[in-house]
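Trainee: Could we go through this structure together? I would like to learn how to read it.
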Number of protein chains: 2
Amino acid sequence: MKLTLDALEVLDAIDKKGSFAAAANALFRVPSTLTYTIQKLEEDLGFVIFRKEGRRSVLTPAGRVLLEEGRSLLLATQAMIDKAHQVDSGWEVRLNIALDTVWDTQQFLPILTEFQQLNTGVEINLLEEVMGGSLEALIEDRADIVLGGPAPNTPIQGLQFKEVIQSQWCFVTANHHPLTQTNLPLTNEMIAPYTSIVIKDSSRHSPIKSHRLMDKQKQIKVASMQQKISLIEAGIGVGFLPKHKIQNKLDEGTLVTLETTEPTAITPQYCSWKSNNKGKAARWFIDRILSEKI
Amino acid sequence: MKLTLDALEVLDAIDKKGSFAAAANALFRVPSTLTYTIQKLEEDLGFVIFRKEGRRSVLTPAGRVLLEEGRSLLLATQAMIDKAHQVDSGWEVRLNIALDTVWDTQQFLPILTEFQQLNTGVEINLLEEVMGGSLEALIEDRADIVLGGPAPNTPIQGLQFKEVIQSQWCFVTANHHPLTQTNLPLTNEMIAPYTSIVIKDSSRHSPIKSHRLMDKQKQIKVASMQQKISLIEAGIGVGFLPKHKIQNKLDEGTLVTLETTEPTAITPQYCSWKSNNKGKAARWFIDRILSEKI
DNA sequence: CCAATTTGTTCGAAAAAACTGAATAGTTTT
DNA sequence: AAAACTATTCAGTTTTTTCGAACAAATTGG
């Protein structure tokens with residue numbers, strides 16, 4: 001490869017500044033140096049880059065190719081160096097965080113803000129996953145950290161997880177729903193006539209398992225917790241929801257919890273990650289989340 | 001930019017050959033030179049690229065980024081140099097030739113073969129255009145040369161063209177078509193009951209003008225001359241076709257020409273190009289086509 | 001287990017490359 | 001016609017790169 005990036009920079013400067021003299025000045029060199037550099041480049045590559053026109057030099061077509069493509073080359077080179085520095089700093093180039101839909105995104109934002117203030121240069125991607133989908137994202141390397149969602153029922157090699165929150169599930173309806181007029185506690189038979197809203201598992205491979213499915217009940221399947229809340233609030237259907245995600249709507253009174261004979265589950269929520277993840281950002285988030293009082 | 005392509009090549013060689021010593025040998029240098037190159041690179045970039053492990057050196061994560069991204073950088077650089085050489089040679093990097101559908105592609109293949117044997121490195125793209133579409137391709141720089149098709153009805157600035165062939169249009173039907181049983185010459189009224197096959201103009205902007213449209217006739221619109229021939233041969237419809245494109249089918253007898261009262265047109269076919277085109281390949285093709293006896 | 005081999009590094013000397021500054025010649029501006 | 005600006009040439013200097021011998025550490029082989 002008879003070509004140096006330095007020569008490409010010289011070429012760029014000559015074109016940008018409009019003359020050898022001005023470019024030399026900008027590069028803190030002397031004009032004759034640029035003459036030397038360009039002549040050497042021409043000799044190395046075997047074609048003419050500048051031809052004289054009056055008292056100034058203009059690019060040949062081949063020279064123009066070198067200039068223009070060389071510029072993208074220089075940009076790509078700088079990007080590579082930046083990336084290498086980022087990797088060397090120990091901070092990942094990119095960190096994918098999967099938020100299970102049961103987790104409240106709002107709760108996570110302060111942590112994210114705090115991280116951004118560290119100025120690590122790490123690109124953060126937030127993925128939303130549902131139920132089993134979150135763990136799958138971890139296993140398949142689509143995510144580095146999973147926040148919320150269940151622990152694997154069988155321990156998985158190389159995966160670590162820790163409980164971060166107790167999520168209490170309640171049976172919920174809109175404040176204007178017929179069931180609010182019924183005697184409590186509600187039996188399965190009393191609930192059965194009404195449409196129930198169910199979140200569809202986002203995992204791509206796992207067998208489909210709907211959460212707390214009641215057999216004969218009519219169902220509407222939705223993709224996220226937020227959709228489920230909206231539909232229940234609108235009175236379209238009923239279902240179980242984690243209390244912490246709807247506390248504000250319970251306070252406002254648009255949603256109400258109703259006692260059921262079926263005991264309401266308390267499902268623990270986990271933070272999961274790969275044990276072999278040595279990245280600083282991943283470590284920071286895990287430590288930060290586990291230390292959080294929720 | 002404190003980085004040289006040479007250093008990236010050294011890095012590549014060390015990884016490929018597995019050791020400083022082997023790489024040095026491959027690069028016709030001495031091992032200590034590579035040590036110097038790498039140490040200088042590390043100093044310039046400000047991070048460690050190799051760390052010792054036993055008696056050999058292994059890449060750090062940042063070093064691996066440099067190696068892998070550096071490789072694509074080297075490839076891109078070489079591609080740029082090749083392209084510059086191609087441009088310098090005066091031969092275009094790419095030449096787009098639009099063949100109007102009236103032109104016989106088969107006739108053009110020997111010329112193309114001849115060109116390929118010149119080993120110019122020019123990438124040839126063949127476009128198929130219909131009627132006015134071919135000239136439009138030229139104006140809009142999608143094509144460098146247009147072969148076949150009409151001359152512009154108003155002379156266009158910067159465009160050159162020359163007649164290359166007299167295309168004689170005949171009224172054609174399948175050999176089993178009812179019209180073959182009729183008294184000749186055919187009048188418009190005799191033709192009108194039968195479906196006519198019409199080529200749809202491929203130009204994107206020009207007002208639509210179907211060729212030799214007969215008013216009350218049923219029509220089927222097709223996209224190319226080849227399709228038109230197929231449909232007529234199948235007896236689906238009838239229409240005017242350039243004699244030179246169907247000579248073999250006339251000889252075989254699957255198609256027949258019928259005399260009409262309407263005089264059959266003799267439309268000249270042109271080769272068109274931009275006058276400011278200085279490329280060697282464009283010039284070669286134009287000269288070659290104009291000198292051809294057809 | 002010890003000698004031989006292979007590894008990468010250090011260091012002084014030598015070679016090559018890059019850079020400088022003054023002189024020069026051509027072109028445009030004033 | 002002089003002044004200002006262009007890029008280039010060239011001899012001399014500085015910097016960078018390369019070499020080769022000597023060395024230390026790690027592995028291999030008999």
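Mentor: We shall take the DNA strands, the contact between the chains, and then some details of helices and loops. Please keep in mind that this is a predicted model.

Trainee: Let us start with DNA strand D. Which residues come nearest to it?

Mentor: There are 20 residues around DNA strand D, and the nearest are Phe20(A), Gln39(A), Ser32(B), Tyr36(B) and Lys40(B). Sugar and phosphate make up 75% of the atoms of this strand that come within 4 Å of the protein.

Trainee: Which polar backbone atom is 2.7 Å from a phosphate oxygen of strand D?

Mentor: That backbone atom belongs to Phe20(A). A side-chain N or O atom of Thr35(A) is 2.9 Å from a phosphate oxygen of DNA strand D. From chain B, Arg29(B) places a polar side-chain atom 3.4 Å from a phosphate oxygen of this strand.

Trainee: And which helix gives the largest share of that surface?

Mentor: Helix 3 of chain B does, with five residues. At least two residues each come from helix 2 (20–26) and helix 3 (31–45) of chain A and from helix 3 (31–45) of chain B. By class, the surface near DNA strand D holds six nonpolar, nine polar and five charged residues.

Trainee: Now the other strand. Which residues are closest to DNA strand C?

Mentor: Ser32(A), Lys40(A), Phe20(B), Gln39(B) and Arg55(B) are the closest of the 20 residues that surround DNA strand C. Of its atoms within 4 Å of the protein, 74% belong to sugar or phosphate, and the rest belong to bases.

Trainee: Which residue has a polar side-chain atom 2.8 Å from a base oxygen there?

Mentor: Arg55(B) has that contact with DNA strand C. Phosphate oxygens of DNA strand C are also approached: one is 2.7 Å from a side-chain N or O atom of Gln39(B), and one is 3.1 Å from a polar backbone atom of Val30(A). The largest share of the surface near this strand, five residues, comes from helix 3 of chain A.

Trainee: Changing topic: how many residues of chain B are in contact with chain A?

Mentor: 26 residues of chain B are in contact with 26 residues of chain A. Together the two chains bury about 2,500 Å², of which 76% is on carbon and sulfur atoms. Met1(B), Leu5(B) and Met80(B) supply 27% of the area that chain B buries against chain A, more than any other three residues.

Trainee: Why quote an area at all?

Mentor: The accessible area lost when the parts come together is often used to give the size of an interface.

Trainee: What about helix 10 of chain B: what span should it have?

Mentor: Helix 10 (residues 280–291) of chain B has twelve residues, so at 1.5 Å a residue it should span 16 Å, and its end C-alpha atoms are indeed 16 Å apart. Its buried residues are Ala281(B), Ala282(B), Trp284(B), Phe285(B), Ile286(B), Arg288(B) and Ile289(B). Among the elements of chain B that cover them are strand 3 (94–100), helix 5 (105–116) and strand 11 (266–274).

Trainee: Could we look at Gln86(A)? Is it buried or exposed?

Mentor: Gln86(A) counts as buried because its relative accessible area is 16%, and the limit for buried is under 20%. The residue lies in helix 4 (residues 61–88) of chain A. A polar atom of its side chain is 3.5 Å from the backbone oxygen of Gly121(A). Leaving aside neighbours within four places in sequence, the contacts of Gln86(A) include Trp91(A), Thr120(A) and Val122(A).

Trainee: Last topic: the backbone. Where is the cis peptide bond?

Mentor: The bond from Leu184(A) to Pro185(A) is cis, with omega near -10°. Pro185(A) is in the loop between strand 6 (159–174) and helix 7 (188–191) of chain A. Most peptide bonds are trans, and most residues other than glycine have a negative phi.

Trainee: Then what is the phi of Asn119(B)?

Mentor: Asn119(B) has a positive phi of about 50°, although it is not a glycine. This residue lies in the loop between helix 5 and strand 4 of chain B, and it counts as exposed because its relative accessibility is 68%. Asp141(B) also has a positive phi, near 65°. Asp141(B) is in the loop between helix 6 (132–139) and strand 5 of chain B, and its relative accessibility of 52% makes it exposed.

How values were computed. Residues numbered from 1 in each chain as written. Chains lettered and ligands numbered in written order. Predicted model: local features only at pLDDT ≥ 70, side-chain atom pairs only at ≥ 80, totals over all residues. Heavy atoms only, no water. Near = heavy atom within 4 Å. Polar contact = N/O pair within 3.5 Å; in protein donor to acceptor, adjacent residues only side chain to side chain. Helix = DSSP H or I, 4+ residues; strand = E, 2+ residues; numbered from the N terminus. Nonpolar A, V, L, I, M, F, W, Y, C, P; charged D, E, K, R; others polar. Contact = heavy atoms within 4.5 Å. Buried area = accessible area lost by both parts, 1.4 Å probe. Expected span 1.5 Å × (residues − 1). Buried < 20%, exposed > 50% of the residue type's maximum accessible area, 1.4 Å probe, protein only.
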